[in-house]
Amino acid sequence: MFISMKKKTPGEHFDDLDLLSKLMVNSQSSKSVSKPGIQELDLNITPEGETEYDWFVEPPTAEHDDDDDVTSTEGDLEVGIKHPYGFAGSKNGLCGDKPEICLPIDLPNPDFCPPEKRHKLQLQSVKDHFDPEHYIADFCETEATAGALSNFAPWLAEEGDRPTFTDDHRYRLTVLSTHPLPLLPPLPSPADPTNHVEGTRTFVYLGLADLLLAYTHDYYVREGDDNSESAWIIAKVAATLSWLEFFPNVKILLRSFYERALSYPLIRNWRLCRKVQADVGALFQHKHAKSWILFVLLEIRRLLIDYTGYYIFVDLFLDDYIVWLQKSASTYVLNHLGAAIESLEMKKSDVNLPLQVLEDLSAEILESEKLTKNLGEITLKS
């Protein structure tokens with residue numbers, strides 16, 4: 001049965017009605033307010049507001065130094081010093097107690113690997129996995145990438161509309177309405193600037209962007225259809241998941257995305273990466289950015305839950321991100337992050353892969369094949 005009711009004030013607009021976890025009131029907490037005693041306030045659900053972030057701040061040279069030797073990094077971890085990982089760096093020690101649950105994570109010995117070493121190991125892993133022949137094939141065979149390049153993300157196809165949440169989405173949002181958020185890092189402050197990767201909330205927003213980039217790339221590759229391997233691909237492309245990365249700025253984030261998107265998915269194409277970058281930038285700047293991002297996070301969660309063993313990423317990241325986005329994340333900051341992502345023009349020289357060399361080589365091969373074909377035709381005619 002449907003009941004239609006008119007607004008008291010016709011034309012009045014209400015924001016965020018689809019952010020159910022934000023709107024739900026915990027009956028237990030409402031009852032406890034009337035009782036005498038100390039009231040515990042969750043400062044993490046306070047909306048952030050119009051905070052200014054420097055998305056291009058340079059990290060200290062000791063961190064994210066790509067030229068350092070990584071051959072001994074894995075063996076030099078300081079056992080006994082546990083480092084944080086997960087949403088907002090709020091988890092640690094999970095993999096030591098139950099190592100089997102951390103099998104989907106590519107990072108070796110996650111509990112004892114600091115963020116800067118994770119990045120170096122992740123870079124080396126991409127270099128080892130990159131397949132030149134696969135890249136050349138996708139570069140030359142344009143038909144293979146035509147479908148992905150011509151596809152449109154739902155937030156672009158329905159630019160002025162909100163997403164349509166399923167019953168499963170709404171149920172999950174209701175369940176998560178009582179999900180507590182961990183302590184968040186401090187906001188960036190001009191009076192107390194820090195370049196440390198874990199120093200401010202910057203890496204929380206950039207981790208969100210990493211998830212959206214990975215999902216959007218997979219969405220285009222599968223052309224919007226369901227794919228049983230989507231969870232695996234998203235986890236591989238998003239170093240936030242598979243390597244527990246903390247990104248200090250947009251450039252390092254995008255470089256990681258490009259390198260991994262050119263090394264793991266079925267389609268490995270530079271133009272597709274550029275398209276994904278632009279479309280995720282547009283997502284962050286969408287009129288209903290929070291609603292669409294929430295929709296994507298719920299879809300990522302669904303894919304991870306359905307893939308054997310990948311629920312660990314839901315526990316480490318997705319549930320916290322879903323609640324944080326609704327209750328604390330700033331639309332102003334999301335919009336500015338989208339503008340920063342859109343503004344950065346990535347060049348092939350920015351990634352640590354021999355793309356230009358391979359493209360030049362493939363062009364020579366194609367020219368040679370064309371010349372051989374022409375000579376063959378001339379011989380047949382004569």
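These legends walk through several close-up views of a predicted model.

Local features are described where pLDDT is at least 70 and side-chain atom pairs at pLDDT 80 or more, while totals for chains, interfaces and linings use all residues. Residues are numbered from 1 along each chain as its sequence is written, and side-chain values use heavy atoms, with hydrogens and water left out.

**View 1. The whole chain has 17 helices and zero strands.** Here helices (H or I, at least four residues) and strands (E, at least two) are DSSP runs, numbered from the N terminus. Of the 382 residues in the chain, 50% are buried. Buried means under 20% relative accessible area, exposed means over 50%, and partly exposed lies in between (1.4 Å probe, protein chains only). The chain's accessible surface is about 19,500 Å², and carbon and sulfur atoms hold 53% of that surface. Such areas come from the Shrake-Rupley method with a 1.4 Å probe, and for residues only the protein chains shown count as cover. Among contacts with a separation of 6 or more, 82% join residues 24 or more positions apart; a contact means heavy atoms within 4.5 Å.

**View 2. A cavity is lined in part by α9 and α15.** Searching the whole structure turns up one cavity of 30 Å³ or more. A cavity is a set of points, on a 1 Å grid over the protein atoms alone, where a 1.4 Å probe fits but cannot get out, and its lining residues have an atom within 4 Å of a point. The volume of the largest cavity is about 60 Å³. That volume is the space filled by probe spheres set on the points, with grid points joined across faces, edges and corners. Look around its wall for residues including Gly86, Phe87, Ala88, Thr240 and Glu245. Helices α9 (202-221) and α15 (311-327) each give at least two lining residues, and the largest share, three residues, comes from α9. Sorted by class, the lining holds seven nonpolar, three polar and one charged residues. In this sorting, Ala, Val, Leu, Ile, Met, Phe, Trp, Tyr, Cys and Pro are nonpolar, Asp, Glu, Lys and Arg are charged, and the others, Gly among them, are polar.

**View 3. Two residues of helix α12 are shown with their contacts, beginning with Leu253.** Leu253 counts as buried because its relative accessible area is 0%. Beyond its neighbours within four places in sequence, Leu253 is in contact with Leu206, Ala209, Asp210, Leu213 and Phe247. Asp210 is 43 residues from Leu253 along the chain, yet their C-alpha atoms are separated by 6.9 Å. Ser256 also belongs to α12, which covers residues 250-261. Ser256 counts as buried because its relative accessibility is 2%. With neighbours within four places in sequence set aside, Ser256 is in contact with Gln122, Ala239 and Phe247.

**View 4. Helix α5 opens with a link between Asp131 and Glu133.** At this start, a side-chain oxygen of Asp131 comes to within 3.1 Å of the backbone nitrogen of Glu133. Further along the helix, which spans residues 132-140, the buried residues are His134, Tyr135, Ile136 and Asp138. His134 and Asp138 are also in contact with Leu266, as is Val221.

**View 5. Leu266 sits in the loop between α12 and α13 (270-284).** Leu266 counts as exposed because its relative accessibility is 63%. Val221 is 45 residues away from Leu266 in sequence, while the C-alpha to C-alpha distance is 7.3 Å.

**View 6. His83 lies in the loop between α2 (27-33) and α3 (94-97).** His83 counts as buried because its relative accessibility is 18%. Not counting residues up to four places away in sequence, His83 touches Lys91, Asn92, Asp111, Phe112, Cys113, Pro114 and Arg118.

**View 7. Asn109 has a positive phi although it is not a glycine.** The phi of Asn109 is about 50°, and this residue is found in the loop between α3 and α4 (115-129). Asn109 counts as partly exposed because its relative accessibility is 37%.

**View 8. Glu223, a residue other than glycine, also has a positive phi.** For Glu223 the value is near 55°, and its place is the loop between α9 and α10 (230-237). Glu223 counts as partly exposed because its relative accessibility is 44%.

Conventions
Polar contact = N/O pair within 3.5 Å; in protein donor to acceptor, adjacent residues only side chain to side chain. 1 Å grid on protein atoms, 1.4 Å probe; cavity = no way out; pocket = protein on both sides within 12 Å on 5 of 7 lines; lining within 4 Å.
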